[in-house]
Amino acid sequence: SAYPPVLTPGNQLWHNVTRLFNSGEVNVNFWTALINSTIVATVVTVAVVFFSSLAGFAFAKLRFRGNKFLLVAVIATMLVPVQLGVIPLYIQMVHFGWTNHLQAVIAPNLASAFGVFLMRQYIVGSVPNELIDAARVDGCYTFGVFRHVVWPAVRPVAAVLGLLTFMTTWNDFFWPLVVLSPRNPTVQVAVSTLASGYVQDYALVLTGTFVSIIPLLVVFVVLGRNIIGGIMRGAVKG
C-alpha cells in the first residue's frame with residue numbers, strides 16, 4: 001500500500017463495483033439496499049419539508065389558542081434522546097406488523113421538530129404580514145396563502161432543510177438496523193454487513209462506502225442551486 005495513501009480510485013474500482021453488486025459473491029444485496037435508502041430518504045425528505053413548512057407557517061402567521069405553548073412543546077421534543085424511544089417504538093412497529101418493512105423506517109421520521117422551528121423562524125423574518133393580508137383581501141384561503149405567498153419565499157430554506165433531512169435519513173444506521181432484517185437493509189446497514197465478516201475485504205467495504213455517497217453528491221448538486229440562488233437573492237435585496 002502507498003504511503004501517504006492516494007486519493008484517486010485505483011485501477012480495480014470497476015472490478016470491485018461489479019463484485020459489490022454481485023449478490024452471489026457478497027452476503028448482502030446492495031441493489032436492494034440502495035433502492036430502500038432512496039425510497040426512505042426521498043419520502044421522508046418530502047414529508048418533512050412539506051409538514052415543517054405548513055407547521056412553521058401556522059406558528060409564525062396564524063393566531064390560535066395555545067400557539068406559543070404548542071411551539072414550546074414541539075421544540076422540547078428535541079431535548080429527548082432518540083434512544084429512549086427505541087423500545088416503545090419497536091413494540092409499536094411489531095403491533096402494526098411493520099417490522100422488516102420500509103414503513104417502519106419512514107413513519108417515525110415524517111415530521112421534524114427542528115424543521116418546524118427552522119421554518120417558523122425563517123417565515124417570521126421573510127414574509128411580511130402585509131403581504132399575507134393583501135393575499136386574503138384578494139380572496140386567498142389559508143392554504144392558498146401558503147401556496148402562493150409563503151412557499152415561494154421559503155424555497156431557499158426549504159432546500160437547506162431538504163438537504164439536511166436527506167443526508168440525515170440516508171446516513172441513519174441505528175433504527176434501520178433495529179427494525180429491518182439483513183435481507184432487506186438500507187445502505188448503511190449493508191455497508192456495516194460488508195465490514196462484519198471474520199476476514200474483512202477492505203476493498204469491498206471502501207467500494208460500498210464510495211457508492212453510498214454518490215446519491216448524496218447528486219442531491220447536493222440539485223438542491224445546491226436553490227440554496228445558492230436564495231443566498232444571492234437575499235444579498236441583492238439586502
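Here are a few notes to help you find your way around this structure.

1. Please keep in mind that this is a predicted model, where local features need pLDDT of at least 70, side-chain atom pairs count only at pLDDT 80 or more, and totals for chains, interfaces and linings use all residues. Residues are numbered from 1 along each chain as its sequence is written, and side-chain values use heavy atoms, leaving out hydrogens and water.

2. The mean pLDDT (the predictor's confidence in each residue, from 0 to 100) is 85, with 89% of residues at 70 or more. Over residues 234-238 the pLDDT drops below 50, and this stretch has zero contacts (heavy atoms within 4.5 Å) beyond near neighbours in sequence. Where pLDDT is low, the coordinates should not be read in detail.

3. Have a look at helix α8, residues 142-171 (helices are DSSP runs of H or I, at least four residues, numbered from the N terminus). Its end C-alpha atoms are only 36 Å apart, whereas a straight helix of 30 residues would span 44 Å at 1.5 Å a residue; the expected span is 1.5 Å times one less than the number of residues.

4. Arg155 in α8 marks a kink of about 60°, shortly before the proline Pro156. The bend is the angle between axes fitted to the seven residues ending at a residue and the seven starting there.

Notes. Helix = DSSP H or I, 4+ residues; strand = E, 2+ residues; numbered from the N terminus.
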